Amino acid sequence: MSNTRIKNLKKELLSHHRYTLNKLTFDYQLNNGEWVTQIRECYDRGNGAVILLYNKEKQTVVLTRQLRIPTYMNGNSEGLLIEACAGLLDDDNPEDCIKKETEEETGYRINHVKKVLEAYSSPGTLTEILHYFIAEYSSDMRVNKGGGAKNETEDIEVLEMPFKEAIELMKRGEIKDLKTVCLLQYAQINNIFKN
Ligand SMILES: Nc1nc2c(ncn2[C@@H]2O[C@H](COP(=O)(O)OP(=O)(O)O[C@H]3O[C@H](CO)[C@@H](O)[C@H](O)[C@@H]3O)[C@@H](O)[C@H]2O)c(=O)[nH]1
Ligand SMILES: [Mg+2]
């Protein structure tokens, strides 16, 4: 934190149950040189990792579907969302986290992952940086049914579908999760099913 245009940063805790919501008050020097006081609410739930599992031979991807209650509150009538497998880092590094999440949520035990991107998820409100990965999977890597960790009350459906179908769902707005859209578009742009 070394921006000399930000001064007197104060943090007021608004909520700290599972994750942390702070109200930040600070002085900021605008581009025209004037100083103003700004207030921003800032939600900290740590960083995360996400992965697109793909199989070149079958031309398929593995995705998940689960209830995302915030989307239910904002236009998603069933509340279910199709997503690439993802999880919060907790105390793991991104690579270990995504391997663990992949096994918990999809049942596939993967050894080799490739990092393709690192990006802020929603920089106006969330502190989160998300680490994006891809990895090849095959049916012999399946060690359990997936579904998520019981102690987290996760209830995750595992979806294996042709890559083309995932792209169609995205075009029709039926895949509406940004991290998943990013990875599907990464796969398209980089022709990962052809190389
Ligand atoms: N009790 C309780 N449990 C919660 C709460 N919020 C989340 N949980 C539980 O904690 C689990 C966390 O699961 P992860 O798989 O580690 O995280 P995620 O929710 O899938 O998050 C991933 O996707 C997010 C949304 O795109 C990303 O923001 C995040 O970085 C990550 O990639 C959730 O599935 C849910 O069961 C809460 O407020 N209270
Ligand atoms: Mg998850």
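User: Where does UniProt place the feature "domain: Nudix hydrolase"?

Analyst: A record annotation is best read as a span to lay over the coordinates. Here the unreviewed UniProt entry puts "domain: Nudix hydrolase" at residues 44–183. Keep in mind that this is a predicted model. In that model, residues 44–183 are 23% helix and 33% strand, and the C-alpha atoms at the two ends of the span lie 24 Å apart.

User: How is the chain divided into domains?

Analyst: Domain bounds and a record's feature can be read side by side. The assignment gives domain 1 as 6–44 and domain 2 as 48–189. Between the C-alpha centres of domain 1 and domain 2 there are 31 Å. For the whole chain, the C-alpha atoms fill a box of roughly 60 × 35 × 35 Å along the principal axes.

User: What pattern does the chain follow along the sequence?

Analyst: Start by counting elements, then read their order. The chain has 4 helices and 10 strands, and their order is β-β-β-β-β-α-β-β-α-β-β-β-α-α. Contacts add another view: among those between residues at least 6 apart in sequence, 58% join residues at least 24 apart. As for burial, 23% of the 195 residues are buried.

User: Where is the Nudix box, according to UniProt?

Analyst: A short motif can be read the way we read the domain feature. UniProt, again in an unreviewed entry, places "short sequence motif: Nudix box" at residues 87–108. Over residues 87–108 the chain is 59% helix and 9% strand, with 15 Å between the end C-alpha atoms.

User: Which residues come nearest to ligand 1?

Analyst: For a ligand shell, look at the residues, then at the elements that supply them. Of the 14 residues around ligand 1, the nearest are Gly48, Ala86, Gly87, Leu88 and Glu152. Two elements, β4 (48–55) and β7 (85–88), each give two or more residues to this shell. The largest share, 3 residues, comes from β7.

User: How many residues of that shell are nonpolar, polar and charged?

Analyst: Sorting a shell by residue class gives a quick chemical summary. Around ligand 1 there are 4 nonpolar, 4 polar and 6 charged residues.

User: What confidence values does the predictor give for the chain and the complex?

Analyst: It helps to look at the chain and the complex separately. The mean pLDDT of the chain is 96, and 100% of its residues reach 70 or more. For the complex, the predictor gives an ipTM of 0.95 and a pTM of 0.96.

How values were computed
Residues numbered from 1 in each chain as written. Chains lettered and ligands numbered in written order. Predicted model: local features only at pLDDT ≥ 70, side-chain atom pairs only at ≥ 80, totals over all residues. UniProt positions renumbered as here; feature names shortened; annotations may be inferred. Near = placed C-beta within 6 Å. Nonpolar A, V, L, I, M, F, W, Y, C, P; charged D, E, K, R; others polar. Domains from an automatic or database assignment. pLDDT = per-residue confidence, 0-100. Buried ≥ 20, exposed ≤ 12 C-beta atoms within 10 Å, placed from the backbone. Contact = placed C-beta atoms within 7 Å.
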